[in-house]
Amino acid sequence: MYERAYSYILAAGLALAAATASAEVDLEAAEKLNTEVCAACHGAKGVSSVAEWPSHAGQHADYIRHQLELFRDENRYDPQNLMTSNAVGLSDQDIRNIAAWLAQQEPPKPAEGVDPALAEQGERIYYAGIPEEGVAACTACHGPNGEGIQGAQFPRVAAQQQTYLVNSLKAFKSRERKSDRNAMMRDIAGRMSAEQIEAVSAYMSTLGGEPQVAQKQ
Ligand code: HEC
Ligand code: HEC
């Protein structure tokens, strides 16, 4: 009886030690990797200046880790093969390091100069979905301020590059990007028109400043 309880405690202790060890990250190594490899396309601090290439600063570590594993295993659509070749050589530890470092960087600033009428159309889709097409509200998974949900692999979309958002939604719609579990995003984007994709992407690029929901009250 006591013996069994003891072995349980021992097993729990070992599991905890293993989890702690695997959670250790080397942020200095991550910054070095970023400078040497990733910065050319994603920016020195994870904020991209190229419309087609995503920013990762402030993105959830679990989402970044998962996407890097997909690229590394050649399971994520990469139309110009720009990303896969940079991921194939990464170790699990590199991936943990860089994901933790990127998540800690200051997120990109909301886009300015976005067409207000387009953003307004996008705002309606973001918070209410498109009921007549069966499109769920984006806010349910990507959060009221585009912050996403850490732990659920629901990515942050606030202030993401607008062109990258459009391209991602089109890639889900055409079902070329298959990285979404249960085809969640393929289903949603598949029900949206090109114009609705443009509008909601414009709106998402303006998120990430003061909390929008609080502002409206
Ligand atoms: C030659 C340019 C280039 C380099 C270098 C590069 N990437 Fe990328 N990366 C891209 C492109 C382009 C995409 C978007 C692919 C697509 O269209 O979905 C991308 C996508 C990503 C994504 C997915 C983002 C998302 O929101 O889903 C992550 C994470 C990522 N890169 C991390 C890295 C890391 C970490 C490094 C360095 C080890 C790196 N990249 C190096 C071009 C690059
Ligand atoms: C049921 C949850 C859910 C809903 C609702 C949802 N999304 Fe997503 N979305 C996800 C998940 C999960 C991913 C990550 C998929 C992956 O791993 O590639 C994602 C990814 C995305 C991406 C790609 C982000 C990146 O960095 O590559 C965009 C853009 C996006 N969603 C836009 C939307 C829009 C616009 C709506 C509303 C019309 C919406 N989503 C509704 C779950 C959801």
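This note walks through the two ligand sites of a predicted model and one of its helices.

1. Conventions. Local features here need pLDDT of at least 70, and side-chain atom pairs count only at pLDDT 80 or more, while totals for chains, interfaces and linings use all residues. Residues are numbered from 1 along each chain as its sequence is written, chains are lettered from A and ligands numbered from 1 in the order in which they are written, and side-chain values use heavy atoms, with hydrogens and water left out.

2. Shell of ligand 1. Start with the surroundings of ligand 1, where 20 residues form the shell (a heavy atom within 4 Å). Cys38, Cys41, His42, Tyr63 and Met83 are the closest. The shell holds 14 nonpolar, 4 polar and 2 charged residues. Here Ala, Val, Leu, Ile, Met, Phe, Trp, Tyr, Cys and Pro count as nonpolar, Asp, Glu, Lys and Arg as charged, and the others, Gly among them, as polar.

3. Iron of ligand 1. Which protein atoms are donors to the iron atom of ligand 1? They are NE2 of His42 and SD of Met83, lying 2.0 to 2.1 Å from the iron. Donors are N, O and S atoms within 2.8 Å of the metal (3.2 Å for Na, K and Ca); water is not among the atoms, so sites may look incomplete. The site has 6 donor atoms, with angles of 85 to 178 degrees, and is octahedral. For six donors, that term requires opposite donors over 155 degrees apart and all others between 65 and 115. Histidine 42 sits in helix 2, and methionine 83 in the loop between helix 3 and helix 4 (84-87), 41 residues apart. Helices are DSSP runs (H or I, at least four residues), numbered from the N terminus. Both histidine 42 and methionine 83 are buried (under 20% relative accessible area, 1.4 Å probe, protein chains only).

4. Polar atoms at ligand 1. The side chain of arginine 76 places an N or O atom 2.6 Å from an oxygen atom of ligand 1. For tyrosine 164, a polar side-chain atom lies 3.1 Å from an oxygen atom of ligand 1. Helix 2 (27-42) and helix 3 (61-72) are the elements giving two or more residues to this shell. Helix 3 gives the most, with 5 residues.

5. Shell of ligand 2. Around ligand 2 there are 25 residues, and the closest are Cys138, Cys141, His142, Ser179 and Met185. By class they divide into 18 nonpolar, 5 polar and 2 charged. Helix 8 supplies the largest share, 5 residues. Tyrosine 164 appears here too: a polar atom of its side chain lies 2.6 Å from an oxygen atom of ligand 2. Glutamine 67 has a side-chain N or O atom 2.8 Å from an oxygen atom of ligand 2.

6. Iron of ligand 2. The protein donors are His142 (NE2) and Met185 (SD), lying 2.0 to 2.3 Å from the iron atom. Angles among the 6 donor atoms run from 86 to 178 degrees, and the site is octahedral. The pair links distant parts of the chain, with histidine 142 in helix 7 and methionine 185 in helix 9, 43 residues apart. Histidine 142 and methionine 185 are buried.

7. Helix 10. This helix (194-206) is among those that each supply at least two residues of the shell around ligand 2. It has 13 residues and spans 19 Å from first C-alpha to last, close to the 18 Å expected at 1.5 Å a residue (1.5 Å times one less than the number of residues). Its buried residues include Gln196, Val200 and Tyr203. Just after helix 10, glycine 208 takes a positive phi of about 105 degrees.

Note on methods. A polar contact is a pair of N or O atoms within 3.5 Å; within protein, one must be able to donate a hydrogen and the other to accept it, and residues adjacent in sequence count only if both atoms are side-chain atoms. Four donors count as tetrahedral if all angles lie between 85 and 135 degrees; four count as square planar and six as octahedral if opposite donors are over 155 degrees apart and all others between 65 and 115; anything else is irregular. Buried means under 20% relative accessible area, exposed over 50%, partly exposed in between (1.4 Å probe, protein chains only).
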